[in-house]
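User: Please take a close look at one salt-bridged part of this model and follow its surroundings outwards. I would like a connected account rather than a list.

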Amino acid sequence: MLRLKIAFRVLVFVTFGLFLHYVLPQHDIVRIGSTEIIRTDFSGFNRIFYAQADSGGVEQPTRDLRLINTDKKKTFLLGFVARDTTEVMVYRNEDTGWIWPPYFKFDSSDLQAESSSVARGDSWAVLTHYGWRVRWASIYPNAIAVRIVDIPDVRIIPWFNIFFFVFLVVGIAFLRAMWMQFRERAVDPLMDTAGHHYDEASAGMAKRRGRVRRWLDTWRAKDKR
Amino acid sequence: MAFVRLVVFGFLALSVIYLSVAVYSRSVRREKLEKAWAEDNPASTDMAARDAFVAKGIVDYNASYRPKLIALVYVVPTVIVAGIVYITNTN
């Protein structure tokens, strides 16, 4: 039972962690090679890994998808440890609109134009994105912003993620405090009353049962009572 | 349409948060008042006086600026969303 409990907790923790890893912004240091647009037919499986149509447009089963082709600096430990090697990375560039995830991005076309102009030179750029590249399911991370940097070894401080996790911890602590207060002030007194009622009811039942039992016993043989 | 949906559901979600925080804050204040009464009158069994003391404290609380600050639950997320919209969409 304890093992099951631990396994369940680990599962919840890992799922939550993966969810945050998908949704929170990350910064990559890239050299943009080119930008392109491909026609995309979503499958039932990979549809949820794409945003909806551009925020002014209407949803269709098939649509064009903006892509940004880059050479990305490899990293260890979610981008905290830099490496010298690079790898190919392709980003999609879609509006997230007013819906999930809440980046409120409406400027895909502008970002595509920026990326194209970065691609003309040979400079390094910091590309903010969320999401994963999953090759066997044709899933791309979504680019959010791009800015040119002078050297590839820039120090990036993930301010948003710092604030997010501080807020998450504070929020959980607050929720816990609220729940404890609710239990102490509303549930516990109720449970005390309910427990009292239950005790009275079961005592009454036992008394009545005793009476019935005694009456039944009068029909039995004296040595079997 | 998506914007309307965001506003409606966002308002509902924030209202749930607002109500729970308001109830929580008042409950904490009530507990504090009860403890203050117990400290000042350790031997008192006069429940009517205690209830009057707590009720007066709650009236004072309702009139204070603190419950009004809870309305920030609506303001802060709106400001944050506006900030994100601005930051994401400027070059």
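Analyst: In this predicted model, the side chains of Arg63(A) and Glu94(A) meet in a salt bridge, with N to O at 2.6 Å. The pair links distant parts of the chain, since Arg63(A) sits in strand 2 of chain A while Glu94(A) belongs to the loop between strand 3 (81-92) and helix 2 (108-120) of chain A, 31 residues apart. Both partners are shielded by the protein chains: Arg63(A) is buried, because its relative accessible area of 14% falls under the 20% limit, and Glu94(A), at 2% relative accessibility, counts as buried too.

The bridge is part of a network, in which salt bridges that share partners join Arg63(A), Arg92(A) and Glu94(A). Arg92(A) lies in strand 3 of chain A, and at 0% relative accessibility Arg92(A) counts as buried. Its side chain makes a polar contact of 2.4 Å with the side chain of Glu94(A). A polar atom of the Arg92(A) side chain also lies 2.7 Å from the backbone oxygen of Tyr140(A). Leaving aside residues up to four places away in sequence, Arg92(A) touches a set of residues that includes Tyr22(A), Phe49(A), Tyr50(A), Leu65(A), Arg66(A), Tyr130(A), Tyr140(A) and Pro141(A).

Two directions lead on from that list of neighbours. One is aromatic: Tyr22(A), Phe49(A) and Tyr130(A), which are touched by Arg92(A), are members of one aromatic cluster that they form with Phe45(A), Tyr103(A), Trp132(A) and Trp136(A). The other is charged, and runs through Arg66(A), which is also touched by Arg92(A) and whose side chain meets that of Asp54(A) in a salt bridge of 3.1 Å, N to O. Arg66(A) lies in strand 2 (residues 62-76) of chain A and Asp54(A) in the loop between strand 1 (26-41) and strand 2 of chain A, so this pair ties together parts that are 12 residues apart in sequence. The two partners differ in their surroundings, for Arg66(A) is buried, with a relative accessible area of 15%, whereas Asp54(A) is partly exposed, with 33%.

Over all chains, a search of the whole structure finds 10 salt bridges, and one in chain B offers a useful contrast in setting. There Asp60(B) forms a salt bridge with Lys56(B), the closest N and O atoms being 3.0 Å apart. These two residues both lie in helix 2 (residues 47-63) of chain B, 4 residues apart, about one turn of the helix. Asp60(B) counts as partly exposed at 42% relative accessibility, and Lys56(B) as exposed at 54%.

Between chain B and chain A the count is 1 salt bridge, in which the side chains of Glu34(B) and Arg185(A) meet at 3.0 Å, N to O. The two chains also have 7 residue pairs in polar contact, both residues being at pLDDT 80 or more. On the chain B side, the elements that give two or more residues to the surface touching chain A are helix 1 (2-40) and helix 4 (72-89), with helix 1 of chain B giving the most, 12 residues. By class, this side of chain B has 9 nonpolar, 5 polar and 4 charged residues. Altogether, 18 residues of chain B are in contact with 17 residues of chain A, and the area buried between the chains is about 1600 Å², of which carbon and sulfur atoms give 61%.

Helix 1 and helix 4 of chain B also meet through aromatic rings, among the 19 aromatic pairs found over all chains. The ring centres of Phe11(B) and Tyr74(B) are 5.6 Å apart and their planes are at 25°, so the pair is stacked. Phe11(B) in helix 1 and Tyr74(B) in helix 4 are 63 residues apart. Tyr74(B), which is partly exposed with a relative accessible area of 24%, pairs with Tyr18(B) as well, where the centres are 5.5 Å apart and the planes at 35°, so this pair is tilted. Here too distant parts of the chain are linked, Tyr18(B) in helix 1 of chain B being 56 residues from Tyr74(B) in helix 4. Tyr18(B) is likewise partly exposed, with a relative accessible area of 25%.

Definitions and conventions. Residues are numbered from 1 along each chain as its sequence is written. Chains are lettered from A and ligands numbered from 1 in the order in which they are written. This is a predicted model: local features need pLDDT of at least 70, side-chain atom pairs count only at pLDDT 80 or more; totals for chains, interfaces and linings use all residues. Side-chain values use heavy atoms; hydrogens and water are left out. Contact means heavy atoms within 4.5 Å. Buried area is the accessible area (1.4 Å probe) that two parts lose on being put together, summed over both. A salt bridge is a side-chain nitrogen of Lys or Arg within 4 Å of a carboxyl oxygen of Asp or Glu. A polar contact is a pair of N or O atoms within 3.5 Å; within protein, one must be able to donate a hydrogen and the other to accept it, and residues adjacent in sequence count only if both atoms are side-chain atoms. Ala, Val, Leu, Ile, Met, Phe, Trp, Tyr, Cys and Pro count as nonpolar, Asp, Glu, Lys and Arg as charged, and the others, Gly among them, as polar. Rings of Phe, Tyr and Trp (its six-membered ring) pair if their centres lie within 6.5 Å; planes under 30 degrees apart count as stacked, over 60 as edge-to-face and the rest as tilted. Buried means under 20% relative accessible area, exposed over 50%, partly exposed in between (1.4 Å probe, protein chains only).
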